[in-house]
Amino acid sequence: MSAITGVDFIIKVNTGTVGAPVWTAVGGQRNATLNMATSEVDVTSKDSAGWHEGIPGIRSWSIEFDSLLLEGDAGLAALEAAYMNGEQVQVQMATPAGNTYDGIATLTDFSYEAPYEGEATATGTLNGSGALNKTAV
């Protein structure tokens with residue numbers, strides 16, 4: 001198995017319906033991070049012989065991204081519309097091999113940066129609401 005670069009990991013937004021998804025890539029992407037976390041429930045007791053004991057608790061996930069700001073990009077427009085309308089979006093992160101991670105998310109952080117002498121960018125954080133689904137090829 002050989003190492004891969006992150007260039008072909010693509011974030012997509014469902015611009016169709018949940019029943020008939022149309023996966024639209026967010027254009028101009030540079031970076032994407034899929035975060036997966038599990039809280040731990042402390043079950044330490046006097047029977048633990050002085051050692052911490054824990055069991056898995058609530059799972060959560062999020063996707064952080066940044067991209068060039070491409071006005072008119074359908075994927076970015078769908079994210080902006082969800083933010084403006086206070087709606088959740090169905091998002092997907094696709095790997096180069098064709099594996100996908102998808103779920104419903106809330107865009108909790110969304111920024112446009114336009115420096116005087118630099119490229120305009122969009123950044124955001126999509127916090128998962130419910131299960132993160134993995135489809136492997």
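The exercises below, each with a worked solution, concern the predicted model shown above.

**Exercise 1. Fold and overall dimensions**

State which elements the chain has and in what order they run, and then describe its extent in space.

Solution. Begin with the inventory, which amounts to one helix and eight strands. Reading from the N terminus, the order is β-β-β-β-α-β-β-β-β, so that four strands precede the helix and four follow it. Turn next to the dimensions: the C-alpha trace spans about 60 × 40 × 35 Å along its principal axes, and the radius of gyration is 18 Å, whereas a compact globule of 137 residues would have a value near 14 Å. Finally, consider the contacts between residues at least 6 apart in sequence, of which 60% join residues at least 24 apart.

**Exercise 2. Surface and charge**

Determine what share of the residues is buried, what the accessible surface comes to, and how the charged side chains are distributed.

Solution. Buried residues, meaning those under 20% relative accessible area, make up 29% of the 137 residues. The accessible surface of the chain comes to about 8700 Å², and carbon and sulfur atoms account for 52% of that area. As for charge, the chain carries 5 positive and 16 negative side chains, and the centres of these two sets are 11 Å apart.

**Exercise 3. The salt bridge**

Identify the residue with which R30 forms a salt bridge, and work out which parts of the chain the pair ties together.

Solution. As a starting point, side chains of opposite charge can pair when their charged atoms come close. The structure holds one salt bridge, and in it R30 is paired with E119, with 3.0 Å between the closest N and O atoms. To place the partners, note that R30 lies in strand β3 (residues 29–42), while E119 belongs to the loop between β6 (100–113) and β7 (121–128), and the pair therefore ties together parts that are 89 residues apart in sequence. The last step concerns exposure: R30 is partly exposed, with a relative accessible area of 47%, and E119 is likewise partly exposed, at 41%.

**Exercise 4. Two strand residues**

Decide whether T125 is buried or exposed, do the same for G103, buried or exposed, and list the residues that each one contacts.

Solution. T125 sits in strand β7 and has a relative accessible area of 16%, so it counts as buried. Leaving aside neighbours within four places in sequence, T125 is in contact with S62, I63, E64 and F65, and also with T106, L107, T108 and D109. G103 has its place in strand β6 and is buried too, at a relative accessible area of 3%. With residues up to four places away not counted, G103 touches W61, V89, Q90, V91, A131 and N133. P56, by contrast, lies 47 residues from G103 in sequence and 21 Å from it in space, C-alpha to C-alpha.

**Exercise 5. Two residues outside the strands**

Locate A49 and V7, and say what sign the phi of A49 has.

Solution. A49 is placed in the loop between β3 and β4 (54–68). Most residues other than glycine have a negative phi, yet A49, which is not a glycine, has a positive phi of about 55 degrees. At 63% relative accessibility, A49 counts as exposed. V7 is found in the segment before β1 (10–14) and is exposed, with a relative accessible area of 60%. The C-alpha atoms of V7 and A120 are separated by 20 Å, the two residues being 113 residues apart along the chain.

Terms used
Residues numbered from 1 in each chain as written. Predicted model: local features only at pLDDT ≥ 70, side-chain atom pairs only at ≥ 80, totals over all residues. Heavy atoms only, no water. Rg over C-alpha atoms; globule rule 2.2 N^0.38 Å. Buried < 20%, exposed > 50% of the residue type's maximum accessible area, 1.4 Å probe, protein only. Contact = heavy atoms within 4.5 Å. Areas by Shrake-Rupley, 256 points an atom, 1.4 Å probe, with all protein chains shown as cover. Lys, Arg positive; Asp, Glu negative; His and termini not counted. Charge placed at Lys NZ, Arg CZ, Asp CG, Glu CD. Salt bridge = Lys/Arg side-chain N within 4 Å of Asp/Glu carboxyl O.
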